[in-house]
Amino acid sequence: MAGLFITFEGGDGSGKTTQAELLATWLEEQGRTVVRGREPGGTDLGLELREIVLHRRGHIAPRAEALIYAADRAHNIATKVRPAVDSGDIVIQDRYLDSSVAYQGAGRVLDGGEVRDISLWATEGFLPHLTILLDLDETTGRERLDGVRTRFDRLEAEKADFHARVRSAYLELARAEPERFLVLDAPRPVDELAADIRARVEALL
Ligand code: TMP
């Protein structure tokens, strides 16, 4: 059986993890082996990089930030994701290179094309078979997060206009690659979203 790489994207608080878990459970019920991933922090090295890039206090230059995410991604793809997909597993991951284009590109105002190229270099051009974008307006995302946040997070602490730019960058990425993206309205009921996601994934199996 051919492996698959499926990524979930969207702003903070858009419900990516919930939907990724539901999809993983469903695929396991279909007899598939599922590997869960996330970026940053999907590997041991990645966990150390995640601490730096998300929780370190003080300034990190935007290009340095972009390269830390790319380093995490390079290691994650080389040591975990690509081997799993090559052996026929389904990798379901929270966030991938579209996060870098949206957050470091539009959010931090680096060139989105350059940011994407760095990730493509880092991963030897590894793109997901499917990317599910859970689209949410930044105010709702913020309200959902304020209830659960426990630690200072450098990206979440950014102002609303940063998150508005991230959202429009995501929508632009989805428009540019309609075959790869499934865009869903995040505030819809969890079960309905899960059913739409299953339908799209079923077509790939
Ligand atoms: P999360 O694991 O809770 O989704 O948090 C990850 C944070 O890191 C989130 O605010 C988005 C940000 N991020 C980037 O800025 N660039 C990236 O390439 C990735 C993967 C995440």
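Me: Which residues have the most contacts inside the largest nonpolar core?
Reply: In this predicted model, the largest nonpolar core is made up of 21 residues. Members of such a core must be buried, that is, under 20% relative accessible area. Within this core, the residues with the most contacts are Ile-6, Phe-8, Leu-23, Ile-92 and Ile-132.

Me: Which element gives the largest share of this core?
Reply: Several elements supply at least two residues each, and among them are strand 1 (4–10), helix 1 (16–29), strand 3 (90–94) and helix 8 (190–202). The largest share amounts to five residues, and the element that provides it is helix 1.

Me: How many residues does the other core have, the one that includes Leu-54 and Tyr-170?
Reply: This other core lies apart from the largest one, and Val-166 and Ala-174 are also among its members. Its number of residues is 17.

Me: How many helices and how many strands are there in the protein chain?
Reply: Read along the sequence, the chain follows the pattern β-α-β-α-α-β-α-α-β-α-α-β-α, where each β stands for a strand and each α for a helix. The totals for the protein chain are eight helices and five strands.

Me: What is the radius of gyration of the protein chain, and what does the globule rule give for 205 residues?
Reply: The two values are close to each other, so the chain is as compact as a globular protein of that length. Along its principal axes, the C-alpha trace spans about 45 × 35 × 35 Å. The radius of gyration is 16 Å, and the globule rule gives 17 Å.

Definitions and conventions: Residues numbered from 1 in each chain as written. Predicted model: local features only at pLDDT ≥ 70, side-chain atom pairs only at ≥ 80, totals over all residues. Heavy atoms only, no water. Helix = DSSP H or I, 4+ residues; strand = E, 2+ residues; numbered from the N terminus. Rg over C-alpha atoms; globule rule 2.2 N^0.38 Å. Core = buried A, V, L, I, M, F, W, Y, C linked by side-chain atoms within 4.5 Å. Buried < 20%, exposed > 50% of the residue type's maximum accessible area, 1.4 Å probe, protein only.
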